[in-house]
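Hi,

Here is the structure I promised to pass on. Have a look at it first, then read my notes below with the model open beside you.

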Amino acid sequence: AIGRSRMAAILTGLQLLLLSIVLLSFNGNLDGVMDIAMVRLLTTAAVLPVSLICIQMILSVSYIETVKAFWRPLIAVSAMACVLLFIVPGGMDLPAALRLALRSLLGAAGDAGTILLLWLAARKPPGAERALMRVIGNRL
């Protein structure tokens, strides 16, 4: 357990270092929260492969097993991003709190809907989706 928490701390430190370097390289010339969010996304994406390799080493899983586990969530989050970028305009003439709530709900619906459709297309493999459907079925 000590080695794993140490590895998590190292990965977090690496991500923080990258984030700091990139933010400092802009020298204060960021145009707002969207630029900061984009920098955060890019640094997370840069550290993700290293994180996945560490997970593979700790859990002794192959690259193929990792891809099998991540392909549906990766496509779903891409679909959610497309919903937010292309279907739900960011500059809607609504109060900020209402716009945030609406975009959050629609983004979540896009992600959850895509996950469900991909799970069905994959012939309902065991996983979180099956457990969730069982819980929903028991409550109805």
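**What I found**

Let's start with one leucine: L132 counts as partly exposed, because its relative accessibility is 48%, and the cut-offs put "partly exposed" between 20% and 50%. Before going on, keep in mind that this is a predicted model. L132 sits in helix 5.

**A nonpolar patch**

L132 has company on the surface. Together with L116, L117, L120, M133, I136 and L140, it makes up a nonpolar patch. The accessible area of these residues adds up to about 690 Å². Where does the patch come from? Helix 4 (96-121) and helix 5 (128-139) each contribute at least two of its residues.

**Helix 4**

How far does helix 4 reach from its first C-alpha to its last? With 26 residues, helix 4 spans 37 Å, close to the 38 Å expected at 1.5 Å a residue.

Helix 4 also has a buried side to its story: G107, G110, T114, I115, L118 and W119 are buried. Try picking these out by number and looking at the spacing. An α-helix has 3.6 residues a turn, so residues three or four places apart point the same way. As for what covers the buried residues of helix 4, helix 3 (63-87) and helix 5 are included.

Just past the end of helix 4, look for R123, which takes a positive phi of about 65°.

**A buried salt bridge**

Now back to helix 5, where you will also find E129. Is E129 buried or exposed? E129 is buried, because its relative accessible area is 14% and the cut-off for buried is under 20%.

How many salt bridges does a search of the whole structure find? It finds 1. The side chains of E129 and R72 meet in a salt bridge, at 3.2 Å from N to O. This pair links distant parts of the chain, since E129 belongs to helix 5 and R72 to helix 3, 57 residues apart. Both partners, E129 and R72, are buried.

What else does E129 touch? Leaving out residues up to four places away in sequence, E129 is in contact with R72, I115 and W119. Two names there should ring a bell: I115 and W119 are among the buried residues of helix 4.

If you only have a few minutes, show the side chains of E129 and R72 and find their salt bridge, then turn to the nonpolar patch around L132.

Cheers

Conventions: Residues are numbered from 1 along each chain as its sequence is written. This is a predicted model: local features need pLDDT of at least 70, side-chain atom pairs count only at pLDDT 80 or more; totals for chains, interfaces and linings use all residues. Side-chain values use heavy atoms; hydrogens and water are left out. Patches are made of residues with over 30% relative accessible area and no salt bridge: like charges are joined within 9 Å, nonpolar side chains (Val, Leu, Ile, Met, Phe, Trp, Tyr) within 5 Å. Accessible areas come from the Shrake-Rupley method with a 1.4 Å probe; for residues, only the protein chains shown count as cover. A salt bridge is a side-chain nitrogen of Lys or Arg within 4 Å of a carboxyl oxygen of Asp or Glu. Helices (H or I, at least four residues) and strands (E, at least two) are DSSP runs, numbered from the N terminus. Buried means under 20% relative accessible area, exposed over 50%, partly exposed in between (1.4 Å probe, protein chains only). The expected span of a helix is 1.5 Å times one less than its number of residues. Contact means heavy atoms within 4.5 Å.
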